[in-house]
Amino acid sequence: MQRRSMRIFAVALVGLIALTGCGKKGRSHDSGLGGFVSGGSGGDNPASGPTDLPTGLPTDLPSGVPSDLDVPSYGAPSPSYTYSAPPTYNSDGTNDITATGCDYDESTHSFQYTLNLRNPETQSMHYSITIEWENQSGGSLLGSDYKSVTVASGSSQTLSATSYRYLTEQTSFTCKVTSALKYPSST
């Protein structure tokens, strides 16, 4: 009787294994857990895939799916403004000046010099001008003046340069513009 119960037990165990699929590798349990593949022993090769996959599955895209999808390119954005280089100009304004009337007024004890300034640039320019009177015989400085003026594009302006000095003897002197720096006006 004991042998018979062992056989029934063995048949029941084999039937249970066959129904649940617990003894087979690569099969999933139908337990409602999403079909996870049951693990095997630690000796399985994890890189090997299942060998009993169905055949005849499609490998290409379904029909109606475009093969050349329009993917936006993200290059450099195009500027919404245009850049133009600032106008060029000559920072030396001495060529824009014509000077006349180099003189000494004995009644006011002052050196005189008249500057005619014309701005040839396409923009308003600011001029910083230094004028000097020198002794012609020794080259020593007798007087100086400084003028700062803004002149509109294409316009002219007349300036009077003056330096006061009391002379006690006859002196020969020269008048000259020693520097005339110009730069674009901010106004």
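I began with G143 and found that, in this predicted model, the residue lies in strand β4, which spans residues 141-151.

I then looked up how much of G143 is accessible, and its relative accessible area came out at 9%; the residue counts as buried because that value falls under the 20% cut-off.

Next I asked which residues G143 touches once those up to four places away in sequence are not counted. The contacts I noted are I131, E132, W133 and S163. For S163 I also looked up the separation, and I recorded that G143 and S163 are 20 residues apart in sequence, while their C-alpha atoms are 5.5 Å apart in space.

I turned to the cysteines and searched the whole structure for disulfides, which gave 1. The disulfide joins C102 to C175, with an S to S distance of 1.8 Å. I placed both ends along the chain: C102 sits in strand β1 (residues 97-105) and C175 in strand β6 (residues 173-184), so that the pair, 73 residues apart, links distant parts of the chain.

For the geometry of the link between C102 and C175, I noted 75° about the S-S bond, and I entered the link as right-handed.

Finally I asked of each cysteine whether it is buried or exposed. C175 has a relative accessible area of 12% and is therefore buried, being under 20%. C102, at 35% relative accessibility, is entered as partly exposed, because its value lies between the 20% and 50% cut-offs.

Methods:
Residues numbered from 1 in each chain as written. Predicted model: local features only at pLDDT ≥ 70, side-chain atom pairs only at ≥ 80, totals over all residues. Heavy atoms only, no water. Disulfide = S-S within 2.5 Å. Helix = DSSP H or I, 4+ residues; strand = E, 2+ residues; numbered from the N terminus. Buried < 20%, exposed > 50% of the residue type's maximum accessible area, 1.4 Å probe, protein only. Contact = heavy atoms within 4.5 Å.
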